[in-house]
Structures are given as structure tokens and as C-alpha cells.
Amino acid sequence: MLVLLFIYAFGGALIFPESYANYTDTSLRLSPPSARHPFGTDTIGRDVLARTIYGGQISLIIGLLAVSIESLVGILVGALAGYYGGFLDSLLMRITEAMLNIPEIFLLIVMAKFFGGRIPEIHLLGRVFSGSVIVIVVIIGLTSWMYLARIVRAEFLSLKENEFVLAARATGTSNFEIIFRHILPNSIAPIIVSATLGVANAILAEAYISFLGLGVQPPTATWGNMLDGANNYLESAPWLWFFPGLLILLTVLSINFLGDGLRDALDPHSRAV
Amino acid sequence: MTMLLQTIDLKTRFHIPEGTVYAVNGVSFHISEGETLAVVGESGCGKSVTMMSILRLLPAPPAEIVSGQALWGNRDLLRLSENEMEQIRGREIAMVFQDPMTSLNPVLTIGRQLTESLRVHLGMGPAEAAQRAVELLEQVGIPDAAHRLGDYPHQYSGGMRQRVMIAMALCCHPSLLIADEPTTALDVTIQAQIVELIKKLRDQLHMAIIWISHDLGVVAGLANRVMVMYAGFVVEEALVDDLYEDPRHPYTLALLAALPRVDRRRDRRLKSIPGAPPNLLVEPRGCPFAPRCEFAMERCRFEIPPLQPVQGTHAVACWVDVTTGGPR
Amino acid sequence: MGRYIIKRLLQGIPLLFFISIILFVLMMNMGDPVATMGGRRVTRASDYERLRRQLGLDKPIYTQYLYWLIGNDWTKTDVDGDGVAETPGTRRGVLRGDFGVSLVSRKPVLQVIGERLPNTLILMLASEFVIIVGSLLVGVYSALRQYSALDHIITALSFIGYSMPIFFIALLSMYIFGVLFKRWGLPYLPTVGMFDPQAGKTTAQVLWHMVLPVLSISIISFAAYSRYIRSTMLEVLGQDYIRTARAKGLPRREVVYVHALKNASLPIVTVVGLDLPLLLGGAVVTERIFAWPGMGRLFLDHVSRSDLPVVMGILMMIATAVVVFQILTDIVYAWLDPRIRYEK
């Protein structure tokens with residue numbers, strides 16, 4: 001299922017060039033799904049099918065990149081807090097707790113404003129990306145690491161008392177090495193599970209803020225910003241919001257499924273929350 | 001003596017993802033009024049499952065009672081409705097479980113848990129039930145009972161909790177008490193106290209007891225009759241003295257050899273039984289003990305021996321006569 | 001118990017300080033509030049400077065934070081830019097209940113928020129109610145009928161519901177219950193606003209308009225909790241004390257609803273407490289789609305105009321609500337679980 005979605009987003013690019021996704025045909029504004037445009041066209045006559053393909057690429061990439069940042073921050077904070085304890089631990093955990101207490105979407109909105117509109121467009125692999133893609137990746141990463149940090153911290157707290165860590169310490173292994181070579185590999189299972197589910201959350205987060213008009217800016221399409229303003233066309237052009245929305249649902253669903261499976265396979269003790 | 005409970009050819013299986021567990025494979029036994037029957041065997045041999053099948057406490061699925069009867073008076077417990085079972089559980093047949101730490105509900109007061117059965121079975125009002133609960137707690141030796149009704153289980157020690165469990169089981173004067181290893185989870189000194197308490201109450205209340213244990217030592221001073229189980233089968237059944245003095249099943253012999261005894265020489269080593277209990281996921285085809293048995297013959301491997309009387313009430317399920325070593 | 005509550009409350013205060021500092025730092029970069037003030041353009045550079053000074057925006061961030069926190073009526077500010085502080089401050093600070101004045105509407109922040117707060121509150125309360133009651137019914141049902149056909153269907157549906165983006169639920173339900181029902185001539189649900197302007201703001205109207213927004217906010221948590229309650233319930237039903245209760249011959253409903261549910265509700269209470277931020281986040285999107293005049297929309301409007309006092313006020317209120325709600329959850333938990341209640 002997930003593979004199919006990846007093929008859809010990346011394989012589809014072989015069929016439709018990107019220019020086609022941004023090609024404007026004002027004579028065909030808001031035309032309903034037809035043989036030529038299976039998903040219909042949008043308000044300025046762009047093909048929705050092609051845009052969901054390119055939007056899918058961006059959404060999936062955002063999801064993966066944001067999780068990388070999330071994992072980096074989360075593991076770092078969790079590891080430092082769990083390993084060193086004491087003042088550092090309580091400081092980091094207070095910050096974590098404080099961030100957790102503000103609903104993520106509010107943080108995202110504020111952060112989007114904070115970083116908004118400062119990064120120029122990026123040319124990569126012959127394509128133009130709105131700089132806002134990077135902004136979104138960063139802010140999603142920065143607003144979602146808290147749960148992971150808590151999980152990593154808990155793992156570290158219990159693992160650091162284990163004999164193999166004591167042994168490593170006794171033989172004079174550096175703290176850095178103990179953290180990354182001894183403890184981290186042993187706590188990888190819950191991290192993987194949490195990161196997998198994190199991809200789904202990141203895609204959702206992108207969709208939410210893009211939907212609110214604060215995310216990735218046009219002309220770069222994402223599943224989220226394709227929905228922006230769609231409720232104005234709720235009645236007249238349901239295909240505008242239905243297909244991107246459905247794709248987000250399917251992606252999130254399959255990632256959650258994968259995450260659940262991984263949890264059962266890797267970490268039989270934990271329970272779904 | 002009047003027959004209280006008679007179980008005939010009880011078979012219980014569990015359907016789990018890995019296959020079918022043949023937990024109880026045709027168990028028949030009986031117990032009379034006021035009698036104490038000990039059921040002995042290693043953990044996993046089907047002692048508890050047998051008793052819980054009779055009380056229909058096993059979750060179904062995965063458990064399935066495939067066949068058998070459990071006659072209580074003239075009624076078959078295995079065929080009663082859930083409502084009728086509720087009338088019998090706790091009122092006529094009560095049960096005490098192994099681990100008092102987990103067997104009491106942590107979020108309800110001791111008083112509440114004690115008075116429940118009184119309300120449900122005897123229709124007592126709150127005040128009357130509380131009064132009776134205090135008497136019960138005093139009877140099982142809980143000091144200052146009146147003030148401890150409002151306490152929660154975590155405020156009681158392990159031994160006290162088991163006393164509470166016993167009080168709960170006895171509150172409606174059942175004619176049969178099933179005690180499922182009630183002392184296993186307790187300290188040795190507390191164990192002795194609990195055994196003494198149950199003996200005392202048995203004599204006061206004239207009830208029958210089925211005492212499940214993996215410890216032949218505890219059983220000796222308590223039971224009238226002993227039933228030895230192995231891999232879901234009854235392998236030997238006898239009066240207590242007969243069993244200890246004249247064991248007839250190789251498994252019983254091995255169990256007794258593994259028991260420390262004061263009348264034996266110190267330097268003699270305790271014998272452990274070689275091999276591991278059988279895989280219950282495989283449908284039994286021969287004597288379940290055959291792979292570990294020093295007397296095993298060809299026949300033992302493909303024919304299940306029936307439980308046959310050897311002398312009076314002494315019965316054994318074995319193709320071999322262990323006194324001679326040859327076939328029976 | 002009383003000491004426990006006080007202890008938890010005391011723990012909440014430094015947490016709120018922390019939150020306010022983090023937010024305040026973020027606020028500092030949210031765009032230039034003066035440039036967007038009330039939609040008027042400030043063209044003259046001197047006016048611009050004067051406004052900035054008046055609002056205290058020229059001060060270093062820690063001073064601004066201090067003013068925000070405890071006010072500036074004890075000191076004087078230099079408004080005309082001659083280097084002499086001459087104008088006494090008028091702000092009294094958050095600690096004394098003054099969240100400042102909205103840059104957009106010139107009304108006190110508390111008043112601006114106060115106008116919208118009840119609208120969001122009724123949405124939240126209704127959603128919490130739907131979520132808790134609904135998921136308890138569904139979760140307990142499917143735990144008791146584990147592996148039945150309906151249990152499988154519920155499990156599958158809740159997995160889908162859990163993965164639904166709120167806007168998709170909202171748009172889909174609007175389309176089905178608003179558009180399609182109308183087209184088919186069935187009684188259809190309103191999709192916009194809190195009430196029909198022609199009918200006026202009657203209770204019936206508000207309730208009728210609430211159906212879809214509440215549905216949208218609730219579905220995700222409803223699905224998640226149903227799954228969670230099912231698994232918790234199953235775990236509890238497998239416990240020894242449930243077997244004890246059954247061995248006592250208690251009627252099944254008493255075993256399930258007294259012995260099992262009281263234990264199962266413990267972890268559920270915690271989850272409900274932790275999920276308030278999620279629910280509030282959902283309200284932002286929902287209010288936007290359904291044009292519901294609540295705090296979420298207020299927030300979006302004022303963020304886009306960089307109205308710092310209002311944005312900060314809303315965020316602090318939400319943070320406070322979340323912290324208080326969590327403390328409340330802990331208290332309920334302690335009240336339900338004697339092991340914690342008697343610990344200290």
C-alpha cells in the first residue's frame with residue numbers, strides 16, 4: 001500500500017512532466033473529472049491528477065525530512081537528559097514539558113510566522129522548490145520531537161544502569177561513545193516505531209498548516225496546500241479537495257499500519273496509545 | 001458419605017494462534033461431603049484448568065470444554081446457563097486463588113469486596129453485610145477488623161490478603177472450597193499459618209476441600225485422598241497413606257523421590273525427574289509420561305493407559321506394574 | 001489528598017513561566033506589528049519610531065517580557081524620543097490580570113478573547129462529551145465481544161478514523177450531510193457559522209449548527225480512545241481479580257461495570273488529560289472550515305496581523321487550560337486509585 005503510494009507520487013512523474021502540473025488552461029477552469037483530466041481541474045485550470053502526483057512527492061519528502069530533524073533533536077535531547085541527569089535533565093525536561101503543553105498546531109502557526117517568507121526559492125535537480133518547503137520541514141521537526149525525547153530519555157534511564165554500560169564505563173569508554181555506541185543501539189526499537197508514526201504526523205502537520213495557508217506556498221504543490229480554500233468549492237467542485245484529502249488519508253493510514261506492525265514486531269511490551 | 005461432585009471424562013482445550021493446547025484430557029474424579037482431596041502435579045499439568053473448567057471460569061475463546069460432565073447434585077455444571085452458574089459460584093462452590101497480591105481488586109475496599117457476595121447471594125443489606133464482614137475477618141484472624149474494612153488491598157500484607165481471600169470464599173458457607181495453591185506465593189511461616197487456618201475452618205464448617213498443590217509435602221498432613229495429575233491426565237489416585245507408602249505410578253515414584261524427607265539419610269541426593277514435560281500442543285497418543293519413564297515399554301508409546309483400580313480405592317493409569325517392573 | 005492537590009498546583013506555576021518565556025521569544029519574530037496595525041499604514045518614519053516606543057518594542061526582549069509580565073506602571077517610558085523617560089506606563093502586567101490591548105481593535109485582550117471563548121468552550125465540552133461517552137460505549141462493547149464481526153468492523157473503522165485528517169472529515173461530512181442531503185431533499189445540516197442570521201441565536205440553532213463541527217473534532221479522538229479502551233478493557237478483564245469476582249458469583253454486569261471498568265478507567269483518564277492540546281488544535285482547523293466564531297479563528301486572524309498581545313494572550317490561556325486540565329486529570333486519577341491517594 002505504502003509502496004503503491006510512493007510509486008504513485010514518484011512513478012507518476014515519469015508520465016506527467018512537472019510543467020504539466022503547473023500548466024494553466026484557463027478555458028478549462030474547474031472542469032469535473034473526465035477522460036482527459038481524471039481528477040478534474042482546479043480554479044485556474046491545472047490538472048488535479050498531475051498536481052496530486054507532484055504534491056505527493058513534496059508531502060512525502062517533507063514527512064521524511066521532518067522526521068529526520070525530529071529524530072535528531074528528540075534523540076539528542078532525550079539522550080542528554082537521560083544520560084547525564086541532574087540539572088541538565090530537569091532543564092531539558094521542563095522545556096519538553098512546556099512545548100508539549102502548547103497544542104502543536106498553534107506552535108506550528110507561530111513558528112511558520114517566525115520563519116516565514118525569508119528563504120528564497122531553491123533550485124535543485126532542475127526543479128524549483130518554494131523555500132517554504134524547507135521552512136515547513138524545519139518547523140515540523142522542531143515542534144514534534146518532544147514525545148520522542150521522552151521515550152529516548154526513559155530508555156536511557158533504564159539502560160544506563162545495565163551491566164554492559166557499567167562495564168563500558170569501567171574500561172574508560174568516553175561518554176560520547178557510551179551514548180552512541182552502547183546505549184542508543186539498544187534503544188533503537190521504540191525509536192524506529194516512534195519515527196515511523198512520526199512520518200504520518202509530519203505529513204498531517206504539513207497538510208494542516210498548508211491548509212490554513214501558512215505552509216508551503218504555491219506554485220509548489222503539496223497535498224495540503226491543494227486543499228487550501230477548497231471549502232469555497234465544497235459544493236461546486238468536490239474533486240478539488242476529495243482526491244488530495246483521500247491521498248493524505250491513505251498515506252497516513254498505511255504509515256500508521258506499518259508503525260503498528262513494527263511496534264508489535266519490535267516492542268511487544270508497549271501498548272498502543 | 002454422600003457424593004458432592006463427580007467429574008466424568010472432562011476434556012478442555014485452548015485454541016491459540018500456535019495451535020491447540022490439549023490441557024485436560026479426560027479427567028474423572030469425585031469428592032464426597034467433608035472430604036479433602038489433594039490434586040498434585042507439576043505446574044502446567046492441568047490441575048487449575050480442570051477446576052476452572054468445572055467452575056466455568058475459563059475465558060472462551062480461547063478455552064473450549066470439549067466433553068465431559070461435572071455433576072453437582074443432580075445438575076451438570078457444564079450445561080448450566082451463565083445465570084445458574086452465578087448462583088453456584090461463591091455460594092455453593094468457592095475458590096481461593098494462588099496469588100493474593102493480584103487476586104484482589106486494587107481499587108475497591110476490602111469491605112466492599114467482602115460484602116459483595118453477601119449482598120448478591122444472601123440478600124443482606126449494607127449494615128448487616130458489614131457486620132458479617134467484620135465477623136468473617138475476625139474468624140480468619142485479622143486484628144482490628146472493624147477498622148480495616150475501609151482499607152484497600154495494598155494496605156494489607158500478602159498473608160493478610162490471603163486471609164481476606166479465604167474469608168471472601170467462606171462468607172456464604174459453601175459446601176466445597178477449591179483452593180488453588182493458596183500458599184505458593186507466601187513466605188514459609190505464613191504458609192503454615194494459612195494451612196492451619198484452612199484446617200480449622202474446614203472442621204468448623206464441615207466443608208469439602210479440593211486442595212491443588214505441586215507440593216506433596218504440604219498435602220500429606222491435610223488431605224484424605226490424593227490425585228496425581230500429569231499432562232492433563234490423572235495418573236494415580238489413592239488415599240493419602242496408600243499413596244505415600246505404596247506409590248504405583250512411575251511419575252508418583254519420581255515425585256516422592258524428589259521430596260526431602262527427614263526419615264531418609266542426609267547424604268542421599270534428591271532425585272530430579274529427567275526430561276521435560278510433554279508438548280501440550282500435540283494430541284496425546286500414548287502415555288504422556290512414557291518419554292521420561294524408566295519403565296516405559298513399547299505399548300506405552302501408542303496406547304493411553306486407562307485409570308484402573310489396583311487395590312480398594314487405589315487406582316493407577318499405567319501399563320507397567322512398578323512393583324515387578326513387568327507388564328500388568 | 002489536599003496536600004497532593006496543592007503540590008500539583010505549585011508544580012504548574014513554573015511550567016507556565018517556562019511556556020510564557022518560550023512563547024515570548026517566538027513572538028518577537030512574528031513580523032512587525034506596527035506595520036499592520038489596524039490596517040492603517042504608518043508612513044512617516046518618525047511616527048513609526050514613536051509607535052514602536054509607545055508599544056515598548058524598542059526595548060530589549062527581557063524588558064519587554066518584564067513589562068508584559070508585571071506591567072510598566074511603576075516606571076516611565078521615553079515616548080517622544082528625546083532620551084528622557086517622561087510618560088508613566090499604564091500596563092499592569094499579566095500577573096495582575098492585564099494582558100494588554102489588541103493592536104488591531106484597540107480593545108483589551110481579555111475582552112477580545114472573552115467574546116470568543118464561550119463559543120470554543122461549548123464546542124470543546126460537547127466534543128469531550130461525545131468522545132468519552134461514545135468511545136466508552138464502543139470500546140467496552142468491542143472488548144466484551146472480542147473477535148465478533150462487529151468488533152472487527154469497529155476496529156477497522158477506528159483505525160481509519162484515527163488516520164483521518166480533520167479537514168478531510170470536515171469537508172467530507174459537510175459535503176455528505178450539507179450538500180448531498182440537500183440535493184436529495186433530505187433534512188440537511190448547516191455548514192457555516194453558529195446560527196442562521198434570520199432565525200437568530202437560539203439554543204436550537206446553535207445546537208443544530210454544532211453537529212458537524214463537533215463531529216469533525218471528535219472523530220479522531222473517538223477512534224483512538226475506542227481502540228485504547230478496548231485494549232485496556234481486555235487487559236483488565238484478563239486480570240486475576242476479575243477471575244476472583246467471577247468466582248464469587250457476581251452478576252456479569254457487576255463484574256464488567258464495577259470491577260473491570262473502574263480499573264480500566266485509570267489509564268483512560270490519563271490519556272484524556274494528555275490529549276486536550278490535540279483537541280484544541282483540531283478546533284482551530286474546524287472553526288476555520290465551519291466559520292465558527294471561536295478562539296481558533298480569532299487566533300488565525302490575529303496571527304496574520306501580528307497582533308502580539310492577543311496571540312500571546314490566547315496561547316497563554318490555552319497553555320493554562322492545558323496545565324490546569326492535566327492537574328485535574330491527576331486529581332481524578334488519584335481519586336480513583338487508592339494506591340496513589342494514600343501514598344503521601
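Me: How many residues of chain B and of chain C are in contact with each other?

Reply: In this predicted model, two residues are in contact if their C-beta atoms, placed from the backbone, lie within 7 Å. Counted that way, 25 residues of chain B are in contact with 20 residues of chain C.

Me: Which elements of chain B give two or more residues to the side that touches chain C?

Reply: They are α2 (82–88), α3 (100–103) and α4 (110–122) of chain B. By residue type, that side of chain B divides into eleven nonpolar, eight polar and six charged.

Me: What tends to happen to nonpolar side chains in soluble globular proteins?

Reply: They tend to be buried together. Here the largest nonpolar core has 241 residues, and Ile109(A), Ala167(B), Ile210(B), Met229(B) and Val235(B) have the most contacts inside it. Helix α7 (residues 203–237) of chain C gives the most to this core, with 15 residues.

Me: Which residues is Ile109(A) in contact with, leaving aside its neighbours within four places in sequence?

Reply: Ile209(A), Leu212(A), Leu214(A) and, from chain C, Val303(C).

Me: How do I read a single helix, say α7 (residues 146–159) of chain A?

Reply: Start with its span, then look at burial. Helix α7 of chain A has 14 residues and reaches 20 Å from first C-alpha to last, close to the 20 Å expected at 1.5 Å a residue. Its buried residues include Leu148(A), Ile151(A), Val152(A) and Phe156(A), and also the charged Arg150(A), Arg153(A) and Glu155(A). The buried residues of α7(A) pack against α3 (48–84), α4 (86–100), α9 (175–183) and α10 (188–211) of chain A.

Me: What percentage of chain A counts as buried?

Reply: Of its 273 residues, 48%. Chain A has twelve helices and two strands.

Methods
Residues numbered from 1 in each chain as written. Chains lettered and ligands numbered in written order. Predicted model: local features only at pLDDT ≥ 70, side-chain atom pairs only at ≥ 80, totals over all residues. Helix = DSSP H or I, 4+ residues; strand = E, 2+ residues; numbered from the N terminus. Expected span 1.5 Å × (residues − 1). Buried ≥ 20, exposed ≤ 12 C-beta atoms within 10 Å, placed from the backbone. Core = buried A, V, L, I, M, F, W, Y, C linked by C-beta atoms within 7 Å.
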